[in-house]
Amino acid sequence: MAKYDIDALMRNVDNLPSLSPIVTRIISLSEDEECSIDDLVAAISQEPGFTSKVLRLANSAFFGYARQISRVERAVIILGIDSIRNIGLGMAVSSFLKDKKQPFFEALLNIWEESLRVADCAREMSRLNKCTYSDDVFIAGLLHDIGKIALIKSFPTFYEKINKIIEDKSISQFAAEKRVLQFTHPELGIKLAENWNFPEPILYAIKYHHTPYRIQKTESLPVLNIIIPKYICLARLATHPKRAHRKMSLFTRLCFELSIEPEKIATILETQEERLIILKEVFSPVNQ
Ligand SMILES: [Fe+2]
(Lines give C-alpha, C1' and ligand atoms only; values in the text may rest on other atoms or scores of the structure.)
Protein backbone atom coordinates (compact mmCIF):
# COMPACT_ATOMS: atom_id res chain seq x y z
CA MET A 1 0.00 0.00 0.00
CA ALA A 2 2.96 2.29 0.57
CA LYS A 3 3.16 3.37 -3.05
CA TYR A 4 -0.25 5.06 -3.28
CA ASP A 5 -1.02 5.62 0.37
CA ILE A 6 -3.27 8.70 0.58
CA ASP A 7 -1.31 10.37 3.40
CA ALA A 8 2.02 9.72 1.72
CA LEU A 9 0.66 11.14 -1.52
CA MET A 10 -0.58 14.25 0.21
CA ARG A 11 2.73 14.75 2.00
CA ASN A 12 4.73 14.29 -1.13
CA VAL A 13 2.99 16.61 -3.51
CA ASP A 14 3.50 20.31 -3.35
CA ASN A 15 0.82 21.28 -5.82
CA LEU A 16 -2.21 20.48 -3.69
CA PRO A 17 -4.37 23.58 -3.53
CA SER A 18 -4.13 25.72 -0.42
CA LEU A 19 -6.52 28.35 0.89
CA SER A 20 -5.63 32.02 0.70
CA PRO A 21 -4.81 33.72 4.04
CA ILE A 22 -7.96 35.84 3.82
CA VAL A 23 -10.24 32.81 3.49
CA THR A 24 -8.39 31.00 6.30
CA ARG A 25 -8.91 34.11 8.43
CA ILE A 26 -12.62 34.27 7.57
CA ILE A 27 -13.12 30.59 8.44
CA SER A 28 -11.48 31.09 11.82
CA LEU A 29 -13.50 34.28 12.45
CA SER A 30 -16.71 32.39 11.61
CA GLU A 31 -15.93 29.95 14.42
CA ASP A 32 -15.00 32.65 16.91
CA GLU A 33 -17.94 33.64 19.11
CA GLU A 34 -16.22 36.91 19.96
CA CYS A 35 -15.93 37.89 16.29
CA SER A 36 -17.39 41.32 15.58
CA ILE A 37 -18.74 42.84 12.37
CA ASP A 38 -15.67 45.12 12.34
CA ASP A 39 -13.30 42.11 12.43
CA LEU A 40 -15.09 40.58 9.49
CA VAL A 41 -15.23 43.78 7.48
CA ALA A 42 -11.50 44.32 8.10
CA ALA A 43 -10.72 40.81 6.82
CA ILE A 44 -12.94 41.11 3.73
CA SER A 45 -11.69 44.57 2.84
CA GLN A 46 -8.16 43.27 2.38
CA GLU A 47 -9.20 41.82 -0.95
CA PRO A 48 -11.14 44.06 -3.35
CA GLY A 49 -12.34 41.03 -5.36
CA PHE A 50 -13.92 39.55 -2.26
CA THR A 51 -15.53 42.85 -1.32
CA SER A 52 -17.13 43.28 -4.72
CA LYS A 53 -18.54 39.74 -4.69
CA VAL A 54 -20.00 40.24 -1.23
CA LEU A 55 -21.68 43.45 -2.42
CA ARG A 56 -22.83 41.79 -5.63
CA LEU A 57 -24.52 38.99 -3.70
CA ALA A 58 -25.97 41.29 -1.06
CA ASN A 59 -27.54 43.33 -3.86
CA SER A 60 -28.97 40.33 -5.66
CA ALA A 61 -32.18 38.47 -5.14
CA PHE A 62 -30.14 35.29 -4.76
CA PHE A 63 -29.89 35.52 -0.99
CA GLY A 64 -33.44 36.69 -0.79
CA TYR A 65 -32.68 40.41 -0.92
CA ALA A 66 -32.85 42.90 -3.74
CA ARG A 67 -31.84 46.34 -2.52
CA GLN A 68 -29.18 49.01 -2.88
CA ILE A 69 -26.26 48.23 -0.60
CA SER A 70 -22.95 49.94 -1.20
CA ARG A 71 -21.20 49.49 2.13
CA VAL A 72 -19.48 46.28 3.13
CA GLU A 73 -20.59 46.68 6.76
CA ARG A 74 -24.23 46.66 5.69
CA ALA A 75 -23.69 43.70 3.35
CA VAL A 76 -22.04 41.72 6.17
CA ILE A 77 -24.97 42.40 8.49
CA ILE A 78 -27.48 41.39 5.84
CA LEU A 79 -25.74 38.27 4.58
CA GLY A 80 -24.48 37.08 7.98
CA ILE A 81 -21.18 35.52 8.88
CA ASP A 82 -22.06 32.03 7.59
CA SER A 83 -22.90 33.34 4.14
CA ILE A 84 -19.70 35.40 4.06
CA ARG A 85 -17.68 32.33 5.01
CA ASN A 86 -19.47 30.33 2.33
CA ILE A 87 -18.74 32.94 -0.33
CA GLY A 88 -15.09 32.82 0.71
CA LEU A 89 -14.94 29.03 0.51
CA GLY A 90 -16.66 28.94 -2.86
CA MET A 91 -14.46 31.65 -4.29
CA ALA A 92 -11.33 30.05 -2.87
CA VAL A 93 -12.03 26.71 -4.47
CA SER A 94 -13.11 28.21 -7.78
CA SER A 95 -9.82 30.15 -7.86
CA PHE A 96 -7.99 26.80 -8.09
CA LEU A 97 -9.47 26.44 -11.56
CA LYS A 98 -8.27 29.74 -12.97
CA ASP A 99 -5.25 28.52 -14.90
CA LYS A 100 -6.52 27.72 -18.40
CA LYS A 101 -3.27 25.96 -19.27
CA GLN A 102 -3.52 23.36 -16.52
CA PRO A 103 -4.15 19.74 -17.55
CA PHE A 104 -7.80 18.76 -17.99
CA PHE A 105 -8.97 22.35 -17.66
CA GLU A 106 -12.25 21.54 -19.47
CA ALA A 107 -12.93 18.61 -17.15
CA LEU A 108 -12.34 20.87 -14.14
CA LEU A 109 -14.75 23.47 -15.50
CA ASN A 110 -17.38 20.79 -16.11
CA ILE A 111 -17.07 19.53 -12.54
CA TRP A 112 -17.39 23.09 -11.25
CA GLU A 113 -20.45 23.81 -13.36
CA GLU A 114 -22.04 20.55 -12.26
CA SER A 115 -21.28 21.50 -8.65
CA LEU A 116 -23.04 24.86 -9.16
CA ARG A 117 -26.10 23.05 -10.48
CA VAL A 118 -26.08 20.59 -7.59
CA ALA A 119 -25.61 23.41 -5.06
CA ASP A 120 -28.50 25.40 -6.52
CA CYS A 121 -30.86 22.41 -6.77
CA ALA A 122 -30.02 21.21 -3.22
CA ARG A 123 -30.51 24.70 -1.84
CA GLU A 124 -33.87 25.16 -3.57
CA MET A 125 -35.06 21.77 -2.28
CA SER A 126 -34.07 22.68 1.26
CA ARG A 127 -35.84 26.05 0.89
CA LEU A 128 -39.02 24.24 -0.19
CA ASN A 129 -38.79 22.41 3.12
CA LYS A 130 -38.29 25.78 4.86
CA CYS A 131 -34.92 24.66 6.23
CA THR A 132 -33.00 27.31 8.13
CA TYR A 133 -29.71 25.88 6.91
CA SER A 134 -30.17 26.39 3.15
CA ASP A 135 -26.90 28.33 2.88
CA ASP A 136 -25.02 25.37 4.36
CA VAL A 137 -26.74 23.05 1.89
CA PHE A 138 -25.69 25.36 -0.93
CA ILE A 139 -22.02 25.50 -0.01
CA ALA A 140 -21.90 21.76 0.66
CA GLY A 141 -23.21 21.29 -2.88
CA LEU A 142 -20.62 23.63 -4.28
CA LEU A 143 -17.73 21.87 -2.54
CA HIS A 144 -18.87 18.24 -2.47
CA ASP A 145 -16.60 17.15 -5.34
CA ILE A 146 -13.50 19.00 -4.16
CA GLY A 147 -11.74 15.61 -4.00
CA LYS A 148 -12.26 15.19 -7.74
CA ILE A 149 -10.88 18.66 -8.40
CA ALA A 150 -7.85 17.91 -6.22
CA LEU A 151 -7.38 14.57 -7.93
CA ILE A 152 -7.22 16.19 -11.37
CA LYS A 153 -5.10 19.11 -10.22
CA SER A 154 -2.61 17.21 -8.17
CA PHE A 155 -2.49 13.81 -9.82
CA PRO A 156 -3.33 14.37 -13.51
CA THR A 157 -1.53 11.23 -14.69
CA PHE A 158 -3.55 9.10 -12.25
CA TYR A 159 -6.72 10.86 -13.44
CA GLU A 160 -5.84 9.95 -17.02
CA LYS A 161 -5.27 6.34 -16.00
CA ILE A 162 -8.59 6.24 -14.14
CA ASN A 163 -10.46 7.55 -17.19
CA LYS A 164 -8.82 4.99 -19.42
CA ILE A 165 -9.81 2.14 -17.10
CA ILE A 166 -13.40 3.42 -16.93
CA GLU A 167 -13.52 3.43 -20.74
CA ASP A 168 -11.73 0.13 -21.33
CA LYS A 169 -13.34 -1.93 -18.58
CA SER A 170 -16.71 -0.13 -18.26
CA ILE A 171 -16.37 0.09 -14.50
CA SER A 172 -17.57 2.82 -12.16
CA GLN A 173 -15.53 5.88 -11.26
CA PHE A 174 -15.21 4.61 -7.68
CA ALA A 175 -13.97 1.19 -8.76
CA ALA A 176 -11.45 2.74 -11.17
CA GLU A 177 -10.18 5.14 -8.52
CA LYS A 178 -9.75 2.27 -6.06
CA ARG A 179 -7.90 0.25 -8.67
CA VAL A 180 -5.47 3.03 -9.58
CA LEU A 181 -5.09 4.89 -6.30
CA GLN A 182 -6.53 2.57 -3.63
CA PHE A 183 -8.66 5.46 -2.44
CA THR A 184 -11.60 7.43 -3.85
CA HIS A 185 -12.15 11.12 -4.56
CA PRO A 186 -14.41 11.61 -1.48
CA GLU A 187 -11.59 10.23 0.68
CA LEU A 188 -9.13 12.64 -0.89
CA GLY A 189 -11.66 15.47 -0.55
CA ILE A 190 -12.13 14.82 3.15
CA LYS A 191 -8.37 14.98 3.75
CA LEU A 192 -8.18 18.37 2.08
CA ALA A 193 -11.28 19.72 3.77
CA GLU A 194 -9.97 18.62 7.18
CA ASN A 195 -6.70 20.41 6.49
CA TRP A 196 -8.66 23.54 5.64
CA ASN A 197 -10.86 23.29 8.76
CA PHE A 198 -14.09 23.17 6.78
CA PRO A 199 -17.27 23.09 8.93
CA GLU A 200 -18.41 19.59 9.89
CA PRO A 201 -21.59 19.34 7.75
CA ILE A 202 -19.48 20.12 4.66
CA LEU A 203 -17.03 17.37 5.63
CA TYR A 204 -19.91 14.90 5.83
CA ALA A 205 -21.27 16.05 2.47
CA ILE A 206 -17.87 15.55 0.87
CA LYS A 207 -17.47 12.12 2.41
CA TYR A 208 -20.99 10.79 1.82
CA HIS A 209 -22.30 12.58 -1.29
CA HIS A 210 -22.46 9.26 -3.17
CA THR A 211 -23.39 7.12 -0.17
CA PRO A 212 -25.52 9.04 2.38
CA TYR A 213 -27.03 5.77 3.62
CA ARG A 214 -23.62 4.75 4.96
CA ILE A 215 -23.56 7.45 7.63
CA GLN A 216 -23.52 5.80 11.02
CA LYS A 217 -26.32 7.40 12.95
CA THR A 218 -25.30 7.92 16.52
CA GLU A 219 -27.13 9.99 19.08
CA SER A 220 -24.33 12.51 19.22
CA LEU A 221 -24.25 13.17 15.47
CA PRO A 222 -25.76 16.59 14.61
CA VAL A 223 -28.76 16.27 12.30
CA LEU A 224 -27.13 18.54 9.66
CA ASN A 225 -24.32 16.02 9.21
CA ILE A 226 -26.89 13.38 8.28
CA ILE A 227 -29.34 15.43 6.28
CA ILE A 228 -27.08 17.66 4.15
CA PRO A 229 -25.35 14.73 2.39
CA LYS A 230 -28.85 13.45 1.50
CA TYR A 231 -29.77 16.76 -0.13
CA ILE A 232 -26.51 16.75 -2.07
CA CYS A 233 -26.91 13.15 -3.21
CA LEU A 234 -30.52 13.77 -4.31
CA ALA A 235 -29.51 16.97 -6.14
CA ARG A 236 -26.73 15.08 -7.93
CA LEU A 237 -29.24 12.50 -9.14
CA ALA A 238 -31.87 15.10 -10.01
CA THR A 239 -29.54 17.27 -12.09
CA HIS A 240 -28.33 14.25 -14.02
CA PRO A 241 -31.36 12.39 -15.46
CA LYS A 242 -29.34 9.35 -16.59
CA ARG A 243 -27.86 9.02 -13.13
CA ALA A 244 -31.31 9.27 -11.53
CA HIS A 245 -32.63 6.60 -13.90
CA ARG A 246 -29.73 4.26 -13.05
CA LYS A 247 -30.26 4.76 -9.33
CA MET A 248 -34.02 5.06 -9.27
CA SER A 249 -34.47 3.28 -5.93
CA LEU A 250 -31.98 5.63 -4.24
CA PHE A 251 -33.68 8.63 -5.89
CA THR A 252 -37.10 7.51 -4.65
CA ARG A 253 -35.81 6.73 -1.17
CA LEU A 254 -34.15 10.14 -0.81
CA CYS A 255 -37.28 11.95 -2.07
CA PHE A 256 -39.27 10.10 0.57
CA GLU A 257 -36.79 10.70 3.40
CA LEU A 258 -36.48 14.41 2.60
CA SER A 259 -40.23 14.82 1.89
CA ILE A 260 -39.65 16.20 -1.60
CA GLU A 261 -42.05 15.46 -4.42
CA PRO A 262 -40.32 14.66 -7.74
CA GLU A 263 -42.65 17.14 -9.50
CA LYS A 264 -41.30 19.93 -7.28
CA ILE A 265 -37.75 19.00 -8.29
CA ALA A 266 -38.78 19.26 -11.95
CA THR A 267 -40.01 22.82 -11.29
CA ILE A 268 -36.70 23.71 -9.59
CA LEU A 269 -34.77 22.47 -12.61
CA GLU A 270 -37.00 24.35 -15.05
CA THR A 271 -36.07 27.67 -13.44
CA GLN A 272 -32.44 26.83 -12.74
CA GLU A 273 -30.79 28.57 -15.71
CA GLU A 274 -31.96 31.96 -14.47
CA ARG A 275 -30.37 31.46 -11.05
CA LEU A 276 -27.20 30.09 -12.60
CA ILE A 277 -26.49 33.43 -14.26
CA ILE A 278 -25.64 35.10 -10.96
CA LEU A 279 -24.05 31.98 -9.49
CA LYS A 280 -21.66 31.77 -12.40
CA GLU A 281 -20.88 35.44 -12.07
CA VAL A 282 -19.91 35.12 -8.42
CA PHE A 283 -18.32 31.69 -8.29
CA SER A 284 -16.93 31.01 -11.73
CA PRO A 285 -13.14 30.77 -11.98
CA VAL A 286 -12.96 32.99 -15.04
CA ASN A 287 -14.41 35.88 -13.08
CA GLN A 288 -11.88 35.71 -10.26
FE1 LIG B 1 -18.26 12.72 -6.39
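1. Start with the layout: this predicted model splits into two domains, with domain 1 built from residues 2-12 plus 100-287 and domain 2 covering 18-95. So far as spacing goes, the C-alpha centres of domain 1 and domain 2 sit 23 Å apart.

2. Now the place where they meet. Domain 1 puts 15 residues into the contact, and domain 2 puts in 16. On the domain 1 side, helix 8 (134-143) and helix 18 (272-283) each bring at least two residues to the surface that touches domain 2. Which helix gives the most there? That's helix 8, with five residues.

3. What is that side of domain 1 made of, by class? Where domain 1 touches domain 2, you'll find eleven nonpolar residues, two polar ones and two charged ones.

4. On secondary structure, there isn't much to juggle: the protein has 18 helices and zero strands.

5. Next, overall dimensions. The C-alpha atoms fill a box of roughly 55 × 45 × 40 Å along the principal axes. The radius of gyration is 19 Å, which agrees with the value near 19 Å expected for a compact globule, because the protein has 288 residues.

6. A word on the inside: 39% of the 288 residues count as buried. As for contacts, take those with a separation of 6 or more: 63% of them join residues 24 or more positions apart.

How values were computed. Residues numbered from 1 in each chain as written. Predicted model: local features only at pLDDT ≥ 70, side-chain atom pairs only at ≥ 80, totals over all residues. Helix = DSSP H or I, 4+ residues; strand = E, 2+ residues; numbered from the N terminus. Rg over C-alpha atoms; globule rule 2.2 N^0.38 Å. Buried ≥ 20, exposed ≤ 12 C-beta atoms within 10 Å, placed from the backbone. Contact = placed C-beta atoms within 7 Å. Domains from an automatic or database assignment. Nonpolar A, V, L, I, M, F, W, Y, C, P; charged D, E, K, R; others polar.
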